[in-house]
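Work through the following exercises with the sequence and the structure open beside you. Each task sentence is followed by a solution that goes step by step.

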Amino acid sequence: MNLFPMMLGQVVEESFWKRLPGPALYGFLVLGLLFGIGLCFALSRVPSNMRRWVIVSFTFLAGLPYVAAYLWPIPVAADFQTEIPRNGVESVGFFLNQAMDPVGTITNIIQGFLLGVGFYSLVRIHLTKVKRKQENWGFSIVLLTCFVLMAGFGLRDWQIRTFMDDTGALNVRDNWTFVNYAQDFLFEGLYQQMDSAMFSMIAFFILSAAYRAFRVRSVEATVMMASALILMLNLMGALTFAQGSAINELAGNTNNLFLLNFKINTFADWLRSTMQIPAIRAIDFGVGLGALAMGLRLWLGLEKGGVT
Amino acid sequence: MTIWEKMQKIDRRILYGILVVCVCIGLFFPSTIRTDPDPSSKSFYAAVQKLPKGSTIIVQTDWTNSTRGESLGHFENLMRLLMNGEHKFVFYSAADPAAPQVARTVLARIVAERKSQGLREYKVGEDYVDLGFFPNAEATNTSMGANLKAAWAGRKSKTPSGTEIDIFKTPVLANVNRIEDCQMMIVITASQSIDIAVQRLAQKIDITALVTGVVGPTVLPFYQSDQIKGVAVGLKGVYDIEYLMEYGIDDVKIEGQPYATAGKEGPVPKTEIGTRFSRGRQYYGTLHVALTLLILAVVMGNVAMFAARRRKGEKV
């Protein structure tokens, strides 16, 4: 499928981080492969008491480019593609900027591998369940069957559309093959519809909860209910339009513009902009500070959880 | 047992049945309801309509069918707006592997719809580019801001003739070297991916958003601080955009009389061609029914509680 040349062709300009196809690139590939094998071997030999430091070091190295790129001073309007650095400080800034793309690519690849690990784990657990005929093993067969069918037809459909449909004929449904129909049935007909159905069930729980649990038992609950009521009424365009028109007319007739403040959408706007948004912003600040503190602890290896 | 006590212990299946019946009836009678669109929806519509004809837009589509009630309408409206403005666009997802396929299906339907209306047919590789899925939103948006060409390097696009071409050689991205060369980024999302886009890219490109009702409140602070130029929230947002496509914005005058203009969008024209009312109109009546039911449920539940307490002689 010519994937290898396609991957090599991804480089558009050469930098410290990237090489155009040629002897140097192939040399780096061989070196990288050997280094990777050596690293895997070395990691497997690391004593248990040293493993924490390996994880801490990798975590620090993974976070370093982003932190450095954010903190390192760069010219305000730097054009990294057409300009050249004027001094050492700018050179480091340009170097870090060039690092963003490869680091991002590495992150994406690692995330891809994590998906792979997830697939492997899922299949292993359910195969074991079927093999040992554990409780509800029938559901595991359903899962594995769906897994194989979805992956098989999905991949084949992608392959046909990407590499075998030179004329774009498959854009028209009449030209579809069995594989295309099967993929469409599995993805659109089953998976997506079940996804929608699962989500729509929330409506039933919301109604039931509104009836049983949303009770005016305290001042706080009353304030919350009044706010929710105004915001819900604001979503009902027919009501807000009718009420708003009546207020407009009344304000016009009495020449009293103060009355315009009593429109439902004015109330709702006020609630949103004066109460809701500042509250959310305050929560965001709190969450942000917490995330920053936790991020720093993880990055610097101060957090013991997760790496021990 | 009194009626109030019975109401307190009503079987949930009765509530479910009432919901199903009320919601289903509304779906069969779509109607155009007069409304006053939200200011954030107006800002979104105005921002998109004021783009120069043939602009290049980045569309980050991070939704799947679990939120189709809102996001599908948002995506369809966006496609119609972009196609009416003859804008070129790239679309990708940075949140869900299934999202690009969902977007492709909807896009194909809108293209077919416009073709049946005798309008220009949008073609892959010529008018739009499909970039697929990027697994890590944080890294992807950061890379896009640092170097767009490198972030999307090596991606190929189909052409109308069926061949493949580097995306930067397509008419869509031929003149794009960095993200600032695109006129707008539009994020359609049912998750927090809009937060990442704003954090990483808001200083480089104008961002607007189409979000679900659940995500909406967390996005409004960005709108208030002008970090995003407009946002349509939830099903009301879908209907707002359709309503604005039908009627346009005329904040300057109401019934011919001068009106306050501070903070208003001013006159923005309606769309002249293609479908205007669609999903929003279909579902908006149902939203009224569902909300009325919800309000009634809350009121009835409380009335029953107070009545039962009073009967028992408890302090209300």
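## Exercise 1: The domains of chain B

Task: Find the domains into which chain B is divided, and describe how they touch.

Solution. In this predicted model, the domain assignment of chain B gives domain 1, made of the two stretches 1-32 and 279-316, and domain 2, which covers 35-276. The next step is to place them relative to each other: the C-alpha centres of domain 1 of chain B and domain 2 of chain B are 37 Å apart. Turning to the contact itself, we find that six residues of domain 1 of chain B touch eight residues of domain 2 of chain B. On the side that belongs to domain 1 of chain B, three of these residues are nonpolar, one is polar and two are charged.

## Exercise 2: Chain B as a whole

Task: Describe the helices and strands, the extent and the burial of chain B.

Solution. Begin with the secondary structure, where chain B has eleven helices and ten strands. Then consider its extent along the principal axes, where the C-alpha atoms of chain B fill a box of roughly 80 × 50 × 40 Å. Of the 316 residues in chain B, 49% are buried. Finally, look at the contacts in chain B with a separation of 6 or more, of which 74% are between residues 24 or more positions apart.

## Exercise 3: The domains of chain A

Task: List the domains of chain A, and then examine the contact between domain 1 and domain 2 of that chain.

Solution. Chain A is divided into domain 1 (11-45), domain 2 (51-134), domain 3 (137-200) and domain 4 (217-299). For domain 1 of chain A and domain 2 of chain A, the C-alpha centres lie 16 Å apart. Five residues from domain 1 of chain A and five residues from domain 2 of chain A take part in the contact. The side contributed by domain 1 of chain A consists of three nonpolar residues, one polar residue and one charged residue.

## Exercise 4: A helix pair within chain A

Task: Determine how helix α3 (residues 48-71) and helix α4 (residues 88-131) of chain A cross, and which residues meet there.

Solution. The axes of α3(A) and α4(A) come within 10 Å and cross at roughly 145°, and the crossing is left-handed. From α3(A), the residues P65(A), A68(A) and A69(A) take part, and they meet L96(A), N97(A), A99(A), M100(A) and V103(A) in α4(A). Sorted by class, this contact has seven nonpolar residues, one polar residue and no charged residues.

## Exercise 5: Where the two chains meet

Task: Work out how many residues each chain gives to the contact, and which helix of chain B supplies the largest share of its side.

Solution. The contact takes 57 residues from chain B and 55 residues from chain A. Several helices of chain B each supply at least two residues of its side, among them α2, α5 (99-116) and α10 (234-247). The largest share of that side comes from α11(B), with 13 residues. The residues on the side of chain B divide into 28 nonpolar, 21 polar and eight charged.

## Exercise 6: Two helix pairs across the chains

Task: Describe how α7(A) packs with α2(B), and how α8(A) packs with α11(B).

Solution. Take first helix α7 (residues 202-212) of chain A and helix α2 (residues 12-28) of chain B, which pack at an angle of about 120° with their axes 10 Å apart. This angle makes α7(A) oblique to α2(B), and their crossing is right-handed. The residues A203(A), F204(A), L207(A), S208(A) and Y211(A) in α7(A) meet R12(B), L15(B), Y16(B) and L19(B) in α2(B). By class, that contact has seven nonpolar residues, one polar and one charged.

For the second pair, the axes of helix α8 (residues 219-234) of chain A and α11(B) come within 11 Å and cross at roughly 160°. This makes α8(A) roughly antiparallel to α11(B), and the crossing is left-handed. Here M225(A), L229(A) and M232(A) in α8(A) meet L291(B), L294(B), I295(B) and V298(B) in α11(B). This contact has seven nonpolar residues, with no polar and no charged residues.

## Exercise 7: One residue in its surroundings

Task: Decide whether V298(B) is buried or exposed, and name the residues in contact with V298(B).

Solution. V298(B) is found in helix α11 of chain B. Within 10 Å there are 22 other C-beta atoms, so V298(B) is buried, since the cut-off for a buried residue is 20 or more. Leaving aside its neighbours within four places in sequence, V298(B) is in contact with A210(A), F214(A) and M225(A).

Technical notes:
Residues are numbered from 1 along each chain as its sequence is written. Chains are lettered from A and ligands numbered from 1 in the order in which they are written. This is a predicted model: local features need pLDDT of at least 70, side-chain atom pairs count only at pLDDT 80 or more; totals for chains, interfaces and linings use all residues. Domain bounds come from an automatic or database domain assignment. Two residues are in contact if their C-beta atoms, placed from the backbone, lie within 7 Å. Ala, Val, Leu, Ile, Met, Phe, Trp, Tyr, Cys and Pro count as nonpolar, Asp, Glu, Lys and Arg as charged, and the others, Gly among them, as polar. Axes are lines fitted to C-alpha atoms, for helices over the stretch in contact, and angles run from 0 to 180 degrees between N-to-C directions. Helices (H or I, at least four residues) and strands (E, at least two) are DSSP runs, numbered from the N terminus. Angles under 35 degrees count as roughly parallel, over 145 as roughly antiparallel, 65 to 115 as roughly perpendicular and the rest as oblique. A crossing is left-handed if the near helix is turned anticlockwise from the far one by less than a right angle, and right-handed if clockwise. A residue is buried if 20 or more other C-beta atoms lie within 10 Å of its own, exposed if 12 or fewer, and partly exposed in between; C-beta atoms are placed from the backbone.
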